[in-house]
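Student: I am new to this structure and would like a close look at how its nonpolar residues are placed, inside and at the surface.

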Amino acid sequence: MALTLRQPSEARRWLVAWALFSVLGGLWALSSPLFSVPDEPSHAVYAAAAVRGELWQPSDGSWTRVTVPADFADAGRIPICFAFHPEVPAGCSPAFGGKTGLAETTTSAGRYPPAYYLYAGLGTLVTTGAKALYLMRLLTVLLVAALLASATCSALRTRRPRLALAGMGLAVTPMVLYFSGAVNPQGPEIAAAVGVWVSGYLLLSELRREPGTRLTWKNPYLRRTVLAMVALSLARPLSLLWLAITVGALVAALITRESARRLLTSPAVLTAVPVLAVTAGSTVAWVALRNTLGGQAITAYAHTPVTGAAIISTAKVNDELLQMIGVFGWLDTSSPGIVYVSFLAALGALGLLTLALGGRRIAVVLALLAVAVVVIPVVGELVTYKQDAFPWQGRYTLPIAVGVPLLLGLTLATSPRDFPMPVRRITAAFGGVFVLINIVAFVGTLNRYIKSVNGFFGASPSGWNPPVPVVALGLAMLVALTACAVLAGRVRGEGDEEAAERPGAPDAPGRVRVGAPPWDATGAAGDGRATPRRVPAHDAAGPATAEIFGLREADVDAGDRLASR
């Protein structure tokens, strides 16, 4: 007998994921000294000005003069003593807060699209000083967590959700969590990009797999993809470029003529297009009229030949790749080496598994995407280095770089082929890597601000004290990371070896078989193999075993006896 069990509600899944991401981002927000995140003074100043109506102030080059609460007029001088000086603890900075009234100051973010700043700046209308900054960080944390929670709910609907979550665990690097707890639109931009990659991939996969399924707003993949695209289109000046590359990569990997026809003729999609046109168009107009991408008038390399500039820019690529994983502060605090080694080893392992199960089409897209991650920063700097020098940082490319681990994980999660090894053991290893790299990066960065890079906990005096005891911060981060890994490891999908057997195969002893395996109609991402049809992914969110929902084997046996009467 096959027993159908009620799945956990989508709302409950979302709330759990949102709570976990909120805790992770919130701990980073509490562990980062005031204005210790790159460009946070400028972003906080613009947010405080934006909510007071100063959205279109005159600019002198890259600097815009605004009027803000007097506390924030001093934001730029707070991190001066320790920024770029990892040997100096953060306690050297002057006190922040205590002033009243308004004052003029300048910000380098004053020409950015205003959506994020109108949201984050609300914190300055509630309170002042350090409390206002922490509240602005909290608002960012909640927004990023919401976007990542939606992507997680989509990933949980795949055939092998644990492998999809493994890809997400590598995409949400320590650097992503770090920026989720800062006043900076970078965090929401990256989180929105994760949502487009995950939900967009699964939307196109379903269209390819289910030629008879009608695409409506009831489809969660469509809703989440559109919302993530709207958020991404409003985030930062370069967000539209990353959105175009993401959509192009997903189309190249998954689209067919029939699925393209259905997508372009769907009333739901046709309804979404004007909304996206408005949000994207407003960003284009703002960037053009405000000259947001205009030069910073840094002419130190104005006479450097292109060949020399190419060498300089290419030499930065390695640093930029490490920055995507985790280089904190004002690019002055690298993670311990084990973070980079463990991350790259896990990413390589995921890539090897994908080569074994994925099709040629997805392999080509992944290769081109990896090339784009490396080449775009170099090309961008070669175009502007005479006016801007070489300002590119690894975090700028993260909205498309996250696509590499996400595509790897999603390809494995949706592949119809038999998996060559136990999924549970693989995801346990990836969960361990996720906990390791994040806790080590977190503790290392916290140590840098409290003791400096020349000291260590318990061996040298403290030079800064976070608002929450250090031990509590470390333990809370370890517990939250472990909870993420454990919950991801307990998820079961129809393609996992523990969850369900193929049609016609006997049930495993002591196991309840739920639903039917989601065999794809066309195989994994372009391999073209015909396989039996499955139910739409948005109707069956993945099987569950009796133990997940508290059913004992005796309860199931009793149900079998009752049904046989």
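Tutor: What follows moves from one residue to the cores and then to a surface patch. This is a predicted model, in which local features need pLDDT of at least 70 and side-chain atom pairs count only at pLDDT 80 or more, while totals for chains, interfaces and linings use all residues. Residues are numbered from 1 along each chain as its sequence is written, and side-chain values use heavy atoms, with hydrogens and water left out.

Leu276 sits in helix H13, residues 267–290, where a helix is a DSSP run of H or I with at least four residues, numbered from the N terminus. Leu276 counts as buried because its relative accessibility is 18%, buried meaning under 20% relative accessible area and exposed over 50%, with partly exposed in between (1.4 Å probe, protein chains only). Beyond its neighbours within four places in sequence, Leu276 is in contact (heavy atoms within 4.5 Å) with Val226, Met229, Val230 and Gly281.

The largest nonpolar core, a set of buried Ala, Val, Leu, Ile, Met, Phe, Trp, Tyr and Cys residues joined through side-chain atoms within 4.5 Å, has 112 residues, and those with the most contacts inside it are Met168, Val198 and Leu407. A second, separate core of 26 residues includes Leu34, Phe72, Tyr112 and Ala120.

At the other end of the scale, Val383 lies in helix H17 and counts as exposed because its relative accessibility is 62%.

Notes
Helices (H or I, at least four residues) and strands (E, at least two) are DSSP runs, numbered from the N terminus.
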